[in-house]
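Visitor: Hello! Could you walk me through this structure, one question at a time?

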Amino acid sequence: MSKGKANRYVWEANEEEALLNILDELVTSGQRCDAGTFKAGTMKLVETRLRLLIPHTPIRVKPHLDSKLKRLKKDYSIVVDMLNQSGFAWNDEKKCVEVDSDEVWKAYVEHHSDAAGWRDKSFAKFDRLRKVFGKDRATGNSALAPAEMVLDDDDEASESNIPDVQLDGSHHTDQTQAQSKSSSSRNKRVRQGNKMVDGLGRIANAFESMMEDSDAKVQRLVESLKEQNADDDLKFVGDELKKMEFSISDRISLLTLFTDSAKVRVFKTLDEGDDRYEYVTTLLRDYRSRD
């Protein structure tokens, strides 16, 4: 690790290599959404993994990952924009952008000053950055242009100073186009917000229905347990009556009475032997007198 001018952090080669490997793994594992945005908390996850790979690294989400990813995306966007122009091509062997003629290059740089110096400049990271910023992993297409990258809901990385790249490769240098895009982005966010509200409403309804179903299931379980306990109680009383040598007809009559759980509780509280026998005979006598 080292520091550049004005205390700007300069990444070592092993740190950048580790970062690209981690980002590639996160994209592969689905940490990036189909829309091209990373899920909330991704950059914190990157920081944690970097610290595991390089224990003493001072790299943190802010300002290091924030600044580094903006730089990488800006470089990648410049190359993508050039490759979307007529007369430009990617040399996979040299890992650089080639241009058909000086005239094509001069005409392009005249309107895209950020591209100055990129002709024939080696950019070995390009293929790896396509996996991070491009749409190929999300859609299965090999589109060169990067999806707009919103790193986290908590604004872990702001990209307000990075020019966006459209599929047609043109930079938004025209103020009217920029305003139109801004308006379109706001409308998109509003639509996404409405969808989120609707989604939350559906989740709330589903949760309420789930709770109602759960309450019903709990109630059925309680009733089932009560029935099971009642059956167990009757079996217990039946065994006791058999020990007392009551006839089968008397046992049936008594078990009918013991469907009353209160009588079962009384029976269980009495001492075995004479107390229980006297209680049962009293019940049987009252039962016969009603007949």
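Visitor: Over the ring of which residue does the charged end of K121 sit?
Guide: Welcome, and keep in mind that this is a predicted model. To count as sitting over a ring, a lysine's NZ must be within 6 Å of the ring centre. The charged end of K121 is 4.1 Å from the centre of its partner's ring, and that partner is W118.

Visitor: Which residues are linked with W118 into a cluster by ring pairs?
Guide: The structure holds twelve aromatic pairs. One of them joins Y76 in helix 3 to F126 in helix 5, 50 residues apart. Ring pairs link W118 into a cluster with Y76, W90, F123, F126 and F133.

Visitor: Is the pair of Y76 and F126 stacked or tilted?
Guide: Both residues are buried. Their ring centres are 5.4 Å apart, with 35 degrees between the planes. Planes under 30 degrees apart would count as stacked and over 60 as edge-to-face, so this pair is called tilted.

Visitor: Which element gives the largest share of the largest nonpolar core?
Guide: That core has 38 residues, and L23, V46 and L65 are among those with the most contacts inside it. Helix 1, helix 2 and helix 3 are among the elements that give two or more residues to this core. The largest share, ten residues, comes from helix 3.

Visitor: How far apart are the end C-alpha atoms of helix 1?
Guide: Helix 1 has 16 residues, from 13 to 28. At 1.5 Å a residue they should span 22 Å. The model agrees with this, because its end C-alpha atoms are apart by 23 Å.

Key: Residues are numbered from 1 along each chain as its sequence is written. This is a predicted model: local features need pLDDT of at least 70, side-chain atom pairs count only at pLDDT 80 or more; totals for chains, interfaces and linings use all residues. Side-chain values use heavy atoms; hydrogens and water are left out. Helices (H or I, at least four residues) and strands (E, at least two) are DSSP runs, numbered from the N terminus. The expected span of a helix is 1.5 Å times one less than its number of residues. A nonpolar core is a set of buried Ala, Val, Leu, Ile, Met, Phe, Trp, Tyr and Cys residues joined through side-chain atoms within 4.5 Å. Buried means under 20% relative accessible area, exposed over 50%, partly exposed in between (1.4 Å probe, protein chains only). Rings of Phe, Tyr and Trp (its six-membered ring) pair if their centres lie within 6.5 Å; planes under 30 degrees apart count as stacked, over 60 as edge-to-face and the rest as tilted. A charge sits over a ring if NZ of Lys or CZ of Arg is within 6 Å of the ring centre and within 35 degrees of the ring normal.
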